[in-house]
Amino acid sequence: MKKILVTGGNGLVGSQFIGSQYTYFSSKECDLRNTKETENLFNNNFEGVIHCAAKVGGVGSNMNYKGEFFYDNIMINTNVIESARKYNIKNLVSFLSTCIFPDDVEYPLTEDKVHLGPPHTSNDAYAYAKRMADVQIRAYHEQYGLNYKSVIPSGIYGPNDNFDIENGHVIPSLIHKCYIARESNTPLTIWGSGKPLREFIFSKDVAKLTEWVLYHYEENVPIILSTANEVSIKEIVNIIVELMNFKGTVVWDSSKPDGQYRKPSDNSKIKSYLPDFKFTPLYEGLKETIEWFE
C-alpha cells in the first residue's frame, strides 16, 4: 500500500484524510522548523506528502508576531519540500491560502494573480512566507522535474476547526458565539450588517479534492479549491441559529465594520478536471460541524 505522510494531521483538513495509507504525527514528535528532524521523518519511504502544517492565527496574531509567522512558515515549507525532494518522494501537495493574493486585485481570484502585487499589510509576513512555497515548488518542478503542486482552498470549515472566538475564522467563531448566547440566555451579537458575501468549502470536500490533486494534477501552478458559491454572513447566521436551536435575539452591530464586501474566486480550473464533483451543501456541512462542536 502507498504510504502518504500528512503534516498537520490533527488539524481542520489534515484530520479528514482517513485510511491506513496515511501517516500522521504531532509537532511534539517532529518540529518541521528543524531541518534534521524533518529529514529523519521523511526518510520512511513515503510515496506522497500532503502538507497541511503551518503556523496560523487570527488577524491580531498575524499583525503582532510577523517575525515569528514569517520565520516559522518559511522554515516549515522549505524543510518539507526539500526533504521530500531529497528522499525521492514522487508526489507532494502543499496548502496555500487565499490571503496570499494581492490586496489590490481584480476579482474573481484566479491562479495567475497570486504574485501580481503585495498582500494586505495585516498579514503580509505570513502571506509572503506561504507564497514562497509556490515559488519553491515551481523551481523544483523546473529543475528536478518533480510533480509537486499547491492548492488554494477558499473558506474551509468543518470538524476539528479552531473555534476560538478571537482567532477562529468566520464560521467556527459564529458557532461558538451562538453556543455561548444560547447557554447564557443572552442576545447573539454579530459585527456588521451581515451583508458581506463569502465562499465556504467543507473540509471533507477539500480532502477529497486534494487526494485527486496529489496523483492527477500535473501543472506547476497552484489550483483553487472552491465552490465559487457566495453566501451572505446573514444567511450563515440564520442557518447556525436554526441548527443550534437558538431562540434568543440576534443583534447586528452596525457600528462595527463589515470588512471587505466580497472576495469571489474562480474555480473553473478544478471544475475543468472534475466537472461532476459534488460539493457538500452548506446546510449539511454546517449540521455536521455543529454536531461535532456540541
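Here is a walk through this predicted model, from its sheet outwards to its cores, a pocket and some backbone details.

Let us start with the sheet. Six strands make up an open sheet in the order 2-1-3-4-5-10, and the pairing is parallel. Strands of a sheet pair through backbone hydrogen bonds, either parallel or antiparallel. At the edges stand strand 2 (22-23) and strand 10 (223-225); each has a single partner strand, so one side of each is left without a neighbour in the sheet.

Now step across the sheet from the strand 2 edge. Strand 2 pairs with strand 1 (residues 4-7) in the parallel sense over 2 bridges, and here isoleucine 4 of strand 1 stands opposite tyrosine 22 in strand 2. Strand 1 also pairs with strand 3, again in the parallel sense, over 4 bridges. In that pairing, valine 6 stands opposite isoleucine 50 in strand 3. Moving on, strand 3 and strand 4 pair in the parallel sense over 4 bridges, with serine 94 in strand 4 as the bridge partner of histidine 51.

Strand 3 deserves a pause. In a regular strand the side chains alternate between the two faces of the sheet. Both faces of strand 3 are covered: on one side Gly48 and Ile50 are buried, and on the other Val49 and His51 are buried too. Helix 3 lies across strand 3 (48-51), strand 4 (91-95) and strand 5, and its direction is at about 170 degrees to that of strand 3.

With the sheet in mind, we can look at the nonpolar packing. The largest nonpolar core has 28 residues, and those touching the most other members are Leu32, Phe42, Leu92 and Tyr148. Helix 1 (35-42), helix 3 (66-86), helix 4 (124-144) and strand 5 (147-153) are the elements that give two or more residues to this core. Helix 3 supplies the largest share, 4 residues. Apart from this core lies another one, of 25 residues, among them Val6, Val93, Ile270 and Leu274.

Tyrosine 148 is a good place to zoom in. Leaving aside residues up to four places away in sequence, tyrosine 148 touches a set of residues including Ile81, Ala84, Arg85, Leu92, Ile137 and His141. Arg85 is worth following from here. Arginine 85 sits in helix 3 and counts as partly exposed, at 24% relative accessibility. With residues up to four places away in sequence again left out, arginine 85 touches Tyr140, Tyr144, Leu146 and Tyr148. Arginine 85 and leucine 146 are 61 residues apart in sequence, yet their C-alpha atoms are 7.8 Å apart in space.

What does a glutamate in helix 1 touch? Glutamate 39 is in helix 1, and its contacts, not counting residues up to four places away in sequence, are Ser83, Lys86 and Tyr87. Glutamate 39 has a relative accessible area of 11%, so it is buried, the cut-off being under 20%. Glutamate 166, by contrast, is exposed, with a relative accessible area of 66%. Its place is in the loop between strand 6 (156-157) and helix 5 (170-184). The C-alpha atoms of glutamate 166 and serine 61 are separated by 9.9 Å, although these residues are 105 residues apart along the chain.

Next comes a pocket. The second largest pocket has a volume of about 160 Å³. It is lined by 13 residues, of which Phe200, Thr227, Asn229, Thr280 and Leu282 are the closest to its centre. Strand 9 (201-202) and strand 11 (230-232) each supply at least two residues of this lining.

Finally, a few backbone details. Most residues other than glycine have a negative phi, and most peptide bonds are trans. Asparagine 45 has a positive phi, near 55 degrees, and lies in the loop between helix 1 and strand 3. Asparagine 185 also has a positive phi, of about 55 degrees, and is found in the loop between helix 5 and strand 7 (188-191). Asparagine 45 is exposed at 71% relative accessibility, and asparagine 185 is likewise exposed, with a relative accessible area of 71%. The peptide bond from tyrosine 107 to proline 108 is cis, with omega near 5 degrees; proline 108 is in the loop between strand 4 and helix 4.

Methods: Residues are numbered from 1 along each chain as its sequence is written. This is a predicted model: local features need pLDDT of at least 70, side-chain atom pairs count only at pLDDT 80 or more; totals for chains, interfaces and linings use all residues. Side-chain values use heavy atoms; hydrogens and water are left out. Buried means under 20% relative accessible area, exposed over 50%, partly exposed in between (1.4 Å probe, protein chains only). A nonpolar core is a set of buried Ala, Val, Leu, Ile, Met, Phe, Trp, Tyr and Cys residues joined through side-chain atoms within 4.5 Å. Contact means heavy atoms within 4.5 Å. Two strands pair if DSSP finds at least two bridges between them. Axes are lines fitted to C-alpha atoms, for helices over the stretch in contact, and angles run from 0 to 180 degrees between N-to-C directions. On a 1 Å grid over the protein atoms alone, a cavity is a set of points where a 1.4 Å probe fits but cannot get out, and a pocket is an open set with protein on both sides within 12 Å along at least five of seven lines; lining residues have an atom within 4 Å of a point. Grid points are joined across faces, edges and corners, and a volume is the space filled by probe spheres set on the points.
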